[in-house]
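Subject: A structure for you to look at

Hi there,

Here is the structure I promised to pass on. Have a look around first, and then read on for what turned up.

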Amino acid sequence: MSQVQLDSELPNGRIKAGKNLHLSKLKQDCKRFIITQKIGFVSLLIILVVVAIAIVAPIIAPYDPISQDRAAFLAAPNAQHVMGTDDLGRDVFSRLVYGSQISLLVGIVTVVISIILGTLIGMISGYFGGIVDMIIQRIMDAIMSIPALILALFIAALLGPAIQNVIIALVIIEVPRFARIVRGEMLRIRESNYVEASRSVGAGSFRIIMKHGLPNMMAPIIVMASLAFGQTIIAEASLSFLGIGTPPPNPSWGLMLSDASMYMESAPWLVLFPGLALSILVLAFNLFGDALRDFLDPKMS
């Protein structure tokens, strides 16, 4: 084998070795998470089960979630309707399954947009400082000074009941929280020795932010995202419960609870099943977020 062939194979070998090293470290981290964070692992399994249910909803739901059966108004759980029917004869189980799609959709879209905007705003504010930081932080302070649910109610009522309007309202609430966390991390990172070394060799602001800033703040962003999922899901349910969130006849868990409020004594299953689903999913996200925070904390390692 010639020297040219050997030289060409060396970089490929190093890349492959690097990938194997990262894969091995990922496997070790997953095993350590399962061993040290058992509650977090169980919570993750619950979240994955709900995600799987939302994906295969058209397959496992026995009825159309908005179709009405006039012969089965407020039917108790039975063989045909395992979780009963509501006041319009709609199957509760089918509506619960399809409702998971709306909750997860609102959670995913809200958190992803909030991460992108909050990270961008926080990095600019933390890295450049000065008047830029002051203006951005005063805007964030103004938003965070208003109670989150009150602000969401105002925005959703102003825009009208629709899923996209709920997402807009929740994004406005969540962005300042991500921006604050990212700004704090950026303030710490910009004073580190490796950033000073990058500046000394002529690295620009964009390169420093993307190469040194973003990778070193992923852990708190991930933890914040897992906690924000639960907050957005409960906020969407609250807005739907009050009639300014997901519009009927869409099967939102909050809307199901709102419709069931008049039948709590005569048909308790209408409150029980969506209430349990909402509580379990939000609790799972919160416990998973707490477990991630402990797992990614260097002091706990």
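The largest cavity is lined by D86, D87, R90, V92, R95, M256, D259, A260 and L270. Please keep in mind that this is a predicted model. The cavity holds about 90 Å³ of space, and the count of cavities of 30 Å³ or more comes to 1. Two helices, α4 (92-128) and α11 (253-260), each supply at least two residues of this lining. Which helix gives the most to the lining? That is α11, with 3 residues. By class, the lining has 4 nonpolar residues, no polar ones and 5 charged ones.

Next, the helices and how they pack. Two packed helices are described by the angle between their axes and the distance between the axes, so you will meet both values below for each of three pairs.

Let's start with α4, which you already know from the cavity lining, and its packing against α12 (residues 269-296). The axes of α4 and α12 are 11 Å apart, at an angle of about 30°. Are these helices roughly parallel or roughly antiparallel? Angles under 35 degrees count as roughly parallel, and therefore α4 and α12 are roughly parallel to each other. Their crossing is right-handed. On the α4 side, the contact is made by V92, L96 and L104, while α12 brings W269, L270, F273, P274, A277 and L281. The residues of this contact comprise 9 nonpolar, no polar and no charged. If you are following along in the viewer, V92 and L270 are also residues of the cavity lining.

The second pair is α2 (residues 38-55) with α12, packed at an angle of about 135° with axes 8 Å apart. The helices α2 and α12 are therefore oblique to each other. Here the crossing is left-handed. From α2, the residues in contact are I39, G40, S43, L44, I46, I47 and V50, and from α12 they are I280, L281, A284, F285, L287, F288 and A291. How many of the residues in the contact of α2 with α12 are nonpolar, polar and charged? There are 12 nonpolar, 2 polar and no charged residues.

The third pair is α2 with α4, whose axes come within 8 Å and cross at roughly 110°. Angles of 65 to 115 degrees count as roughly perpendicular, and therefore α2 and α4 are roughly perpendicular to each other. This crossing is left-handed. In the contact, V50, V51, I53 and A54 of α2 meet V97, S100, Q101 and L104 of α4. By class, the contact of α2 with α4 has 6 nonpolar, 2 polar and no charged residues. You may recognise V50 from the contact of α2 with α12, and L104 from the contact of α4 with α12.

Finally, a couple of backbone details for you to find. Most residues other than glycine have a negative phi, and most peptide bonds are trans. Against that background, where is the cis peptide bond? The bond runs from P248 to P249, with omega near 5°. P249 is found in the loop between α10 (218-241) and α11. The other detail is L74, a residue other than glycine with a positive phi, near 50°. L74 sits in the loop between α3 (57-60) and α4.

Happy exploring, and do write back with any questions!

Best wishes

Conventions. Residues numbered from 1 in each chain as written. Predicted model: local features only at pLDDT ≥ 70, side-chain atom pairs only at ≥ 80, totals over all residues. Heavy atoms only, no water. 1 Å grid on protein atoms, 1.4 Å probe; cavity = no way out; pocket = protein on both sides within 12 Å on 5 of 7 lines; lining within 4 Å. Points joined across faces, edges and corners; volume = space filled by probe spheres on them. Helix = DSSP H or I, 4+ residues; strand = E, 2+ residues; numbered from the N terminus. Nonpolar A, V, L, I, M, F, W, Y, C, P; charged D, E, K, R; others polar. Axes fitted to C-alpha atoms, helices over the stretch in contact; angles between N-to-C directions. Parallel < 35°, antiparallel > 145°, perpendicular 65-115°, else oblique. Left-handed = near helix turned anticlockwise from the far one by under 90°. Contact = heavy atoms within 4.5 Å.
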